[in-house]
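Please open the model in your viewer and keep the sequence panel beside it. The tour below moves from one selection to the next and says what is to be found at each stop.

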Amino acid sequence: MSIESVLTNELLERFRGRAAGYDEANAFAIEDFNELVELGYLKALVPVDRGGLGWSFDTLALAQRRLATAAPGTALAINMHQVWAGVAYLLQARGDRRLDMVADWIAEGEVMAFGISEPGNDAVLFDSKTSAATAADGSVAFTGVKIFTSLSPAFTRLGVFGKDQDSGELVHGFVARGEGVQSMDDWNTLGMRASQSHTTKLEDAVAPSDWVHSRLPVGPNADPLIFGIFASFLTLTASVYVGIADRAVTLAQEALTDRVHQDGTKYSQDVRARGLLAEAAMRLLSLDALQRSVAGDLEAKADHQGAWFPKLVTLRTIAGDTARENVQVAGQLLGGGGYFRGSEFERLYRDVQASWYHPSNAASAANTVASWLVGPLDS
């Protein structure tokens with residue numbers, strides 16, 4: 001099935017029409033979520049013969065972009081489920097079967113969420129403030145706090161990691177919604193309100209032994225799991241912001257087509273306005289090429305070796321930068337009406353600010369690229 005046959009124009013208009021209500025009420029996009037479940041969108045990477053859409057990773061990236069043009073908060077929420085689907089997919093394609101259980105769960109209808117980020121932990125995947133206590137039977141009890149847990153009202157499985165105080169290893173596994181997993185119901189933010197990305201408190205949340213899939217050393221390492229998480233998270237999160245950048249160009253284009261100066265001349269004949277629109281469109285065209293290149297190379301298993309992480313963080317960084325710049329241009333061209341609460345521009349303006357906070361941030365991305373080119377900073 002094509003992207004357009006699943007995410008139809010009619011569906012996108014419904015989602016866009018509901019976005020203001022979710023935003024105003026600070027509510028989870030439940031109707032959007034239920035429609036996407038019914039369409040099989042959460043099984044996008046599952047083979048057709050297992051009840052999925054049978055899409056490739058690069059197709060999913062473009063689909064997330066299309067969804068974000070209508071409802072960025074909904075797209076960001078679903079994104080965290082799709083990130084785990086993407087990690088499992090990318091690992092399987094490279095002969096690593098440790099997350100086959102995730103692919104199986106998704107095929108069975110489970111909803112995944114991402115419990116990685118922690119308050120005050122700028123090491124992200126390379127260290128953890130969460131404790132991971134290993135029992136004699138191999139199960140692991142996680143205790144700690146995870147932030148930005150998108151899909152909080154709907155997930156059934158949460159991917160987490162923590163540090164084993166005995167071995168010093170970072171332990172990765174999954175816990176089920178329920179005992180020991182508490183949503184703090186604290187999502188009241190500037191934008192992306194429909195994602196309902198609550199803080200999650202873990203108190204001896206137990207991952208059964210067969211749900212514990214990796215034990216890794218503290219610090220950067222070349223384990224395929226780390227590559228898979230970064231590749232899926234950065235690429236699919238970037239796709240949400242490519243969608244916002246795309247929609248901003250459409251709004252700006254409509255403004256030039258529809259607006260008329262006091263003297264009767266159309267904005268489409270205003271040289272300055274045309275220049276702003278053209279610059280936004282050129283940024284989008286460049287970003288489009290980068291998105292397709294990175295997502296396509298992940299699907300094709302391209303061997304970029306040490307250049308992979310610079311490519312991934314560059315995509316995420318430029319996607320956020322471009323989205324913010326293009327939304328600003330849309331605001332300049334739409335006029336004062338966009339300044340009022342409830343306008344689509346106003347929601348996009350707030351939603352796009354979330355791009356500052358997703359890993360990798362600008363400073364981290366710059367350090368990754370500089371280290372690739374001239375080596376790491378002296379310790």
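**A helix pair, then three backbone stops**

In this predicted model, begin by selecting helix H8 (residues 271-299) together with helix H9 (residues 308-334), which pack at an angle of about 155 degrees with their axes 9 Å apart. Because angles over 145 degrees count as roughly antiparallel, H8 is roughly antiparallel to H9. Turn the view until one helix lies in front of the other, and the crossing in which H8 passes H9 is left-handed. If you then colour the contact of H8 with H9 by residue class, it has 16 nonpolar, five polar and five charged residues.

The remaining stops concern the backbone, and they depart from a general pattern: most residues other than glycine have a negative phi, and most peptide bonds are trans.

Select Val124 next, in the loop between strand E1 (112-115) and strand E2 (131-134). Although Val124 is not a glycine, its phi is positive, at about 55 degrees, and with 25% relative accessibility the residue counts as partly exposed.

Move on to Phe148, which is found in strand E3 (residues 140-149). Here too a residue other than glycine has a positive phi, near 55 degrees, and Phe148 is partly exposed, its relative accessible area being 44%.

Finally, select Pro359 and Ser360 and display the peptide bond that joins them, which is cis, with omega about -10 degrees. Ser360 itself lies in the loop between helix H10 (344-351) and helix H11 (362-374).

Terms used: Residues numbered from 1 in each chain as written. Predicted model: local features only at pLDDT ≥ 70, side-chain atom pairs only at ≥ 80, totals over all residues. Heavy atoms only, no water. Helix = DSSP H or I, 4+ residues; strand = E, 2+ residues; numbered from the N terminus. Buried < 20%, exposed > 50% of the residue type's maximum accessible area, 1.4 Å probe, protein only. Axes fitted to C-alpha atoms, helices over the stretch in contact; angles between N-to-C directions. Parallel < 35°, antiparallel > 145°, perpendicular 65-115°, else oblique. Left-handed = near helix turned anticlockwise from the far one by under 90°. Nonpolar A, V, L, I, M, F, W, Y, C, P; charged D, E, K, R; others polar.
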